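Colleague: I have a model open and some labels I would like explained. Please set each value against its definition.

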Amino acid sequence: MKTATSGTRGAFSSNRGINDFKNRMFTVFVWGISACIVLFILALLYLILQKGLPNLTWGFIMGLPSEMEEGGGIGPALFNSFYMLFISLLIAVPLGMSAGIYLAEFAPNNKWIGFVRICVEGLASVPSIIFGLFGIALFVEMFQIGLTIIGGAISLAFLNLPVMTRVTEEAIRSVPKELKQASFALGATHLQTIRRVLVPTAISGIVTGICLVAGRAFGESAVIILTAGVTTSGEMWDFNLLSPGETLAVHLWYVQSEAIVPDAVSISDKAAAVLVFVILMFNILFRIPLWIKDRRNKH
Amino acid sequence: MQLDTSAPNPVISTNSSELGGSIKTGSGKLFDRKNRLLFYNRAFKIACIASAAFVCLILFSILFFMFRTGVLTFRDVSPMTFFFSSDWSPENESYGAFIFIFGTFALTILTLLISVPLSIVIAVFLAEVAPGWMRNFLRPILDLLVGIPSVVYGFLGLTILIPLLRDITGTNMGDGILAAAIVLTIMVLPTISRISDDAISVVPKKYRDASYALGATRFQTIFKVTIPAARSGIMYGVILGMARAIGETMAVVMVIGNTPQLADALFKPTSVLTSNIVMQIANVPFDSTWNNALYMMGFLLLVISLLMIVLVRLLQRKGAHQ
């Protein structure tokens, strides 16, 4: 900066010129980098959808996978994805919500509850593969049921439980105190207050959390490979909880790296597109109504 | 707010009519109802306590199972060999996990080196530079990206990034620690930048005003006032991103090459803790030393990720004191 002090202009004004220049450079730099990254990410998303979606046929979506020849579908894998998602939500949502309600509403503020909170946070940060190893130890070794849909779904539920707990707790805590006090003042019991005031008011946050959890469960692969295996029972609409449960995300990996079908590239392109599409749909279908509702409330 | 206050209204009306009804029908029913409500209340509370306890129980049973199986490794392998030998050939009974531990740390550091500066630039852009409409458009998109499955990122890395890296380097080696770090960067970028963005956004406006009043430019204000003030929030984002990078499995498996060699070059197929576990666990019998060693590696991952949560807690406490 000192070298710039030259000629008739004072130290102050030249410094300012340099600072202005730096400031402008900085703005250009930030705009440039951000634009590059955002365009890059959008291009990736577009690429996935564009490569797969136009070539989708019902035969592919509902069809059975093949081990050797071309033309295998993803039917059972896609079905397993939804089936396991459903079972895992059935376990994780009620348990996670009630644990979250406990932490937000009933829990006294002492060391013991601080410890419970650390447990929840710790569990939320455990890598997914650990849940897979735990699933093996629990279902394959202890209960001896092998790689099954139910084992995978329960492991998935464990993975999502802490997230659900934290999201519910935060959503319920953010409900204004006045609403709760008004409800108590009317003589409502704690349960009535929770059911009719707190949960309905916090529903936006809770549904966002469920979307998050559902998307994670739908796309999770490490846990499923370890606990539900990389094969399906080979038939469509197999509701048996004890059959092996390869999901779409696992199928994408399996086709790409292990299988020997000649059209692996085309299958995985399409499978990736379906996967991303379904997750986008989760978000759009569930979050947009809430988003609109929030906007309306603000005005 | 105005609409919010109207929310409990239906509650008021239904409750008062129900209560009124039970009072009219006689005191006996009223007390029945009261007891019933109290019973429901208590049952609900107990169910909630049980769920919270269940969450803790899962964490402890995971710790217990991983430790119990993992510690059996040391019956056959000395801890020194396990942690510091880089010879992983289970067929010949040598179980040195140093390659994987080193790989995990090297990969995480490389990922953070790339992703943290980029994320902070994006966070600054979102919180300070971008016009309002762009902010409202980009924030949901970044949130959405967090939900894209890791296997899709791995697939993109395998089909787009690795051929690209091969072209650039001119060799036929594309997979390795650099490819994995780039894929992980794309994955953790939304996490770190959104959390940092939130942290920068909540810095009080008066700090900025004071800085501008002293004649500082926007560049000076952001670097000397805003970012230092948001430091603990940004650290929180970085640690969460780090935890994600350490535990990520499928995206890494698809691009890292899965060969037990020390990651001493950017383009060299190697392996990390997670990828090695997922590739080998399916093929080993449960009671073998090999399997125990894999569980020990899992336990190590678990300890690392729990330590990070402790770190986050300490940071938050420090932030609260300030």
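Colleague: What makes the reach of helix α6 of chain B close to the one expected at 1.5 Å a residue?

Modeller: This is a predicted model, in which local features need pLDDT of at least 70, side-chain atom pairs count only at pLDDT 80 or more, and totals for chains, interfaces and linings use all residues. Residues are numbered from 1 along each chain as its sequence is written, while chains are lettered from A and ligands numbered from 1 in the order in which they are written. Helix α6 of chain B (residues 98–129) has 32 residues and spans 45 Å from first to last C-alpha, against an expected 46 Å. The expected span is 1.5 Å times one less than the number of residues. Helices are DSSP runs of H or I with at least four residues, strands are runs of E with at least two, and both are numbered from the N terminus.

Colleague: Where does α6(B) bend, and by about how much?

Modeller: At Ser115(B), by about 30°. The bend is the angle between axes fitted to the seven residues ending at a residue and the seven starting there. Pro117(B) follows within four residues.

Colleague: Why is Glu93(B) called exposed?

Modeller: A residue is exposed if 12 or fewer other C-beta atoms lie within 10 Å of its own, buried if 20 or more do, and partly exposed in between, with C-beta atoms placed from the backbone. Glu93(B) has 10, so it is exposed. Glu93(B) sits in the loop between β1 (88–89) and β2 (94–95) of chain B, and has a positive phi of about 65° although it is not a glycine. Most residues other than glycine have a negative phi.

Colleague: What makes Gln144(A) count as exposed?

Modeller: Gln144(A) has 7 C-beta neighbours inside 10 Å, so it counts as exposed. Its phi is positive too, about 55°, and its place is the loop between α5 (128–142) and α6 (149–173) of chain A.

Colleague: How many residues make up the contact between chains A and B?

Modeller: Chain B gives 68 residues and chain A gives 78. Two residues are in contact if their C-beta atoms, placed from the backbone, lie within 7 Å. On the side of chain B, helix α3 (residues 27–71) gives the most, with 19 residues.

Colleague: Which annotation covers residues 101–312 of chain B?

Modeller: The unreviewed UniProt entry gives "domain: ABC transmembrane type-1" for that span. UniProt positions are given in the numbering used here, feature names are shortened, and annotations may be inferred rather than shown by experiment. The span is 78% helix and 0% strand, with end C-alpha atoms 22 Å apart.
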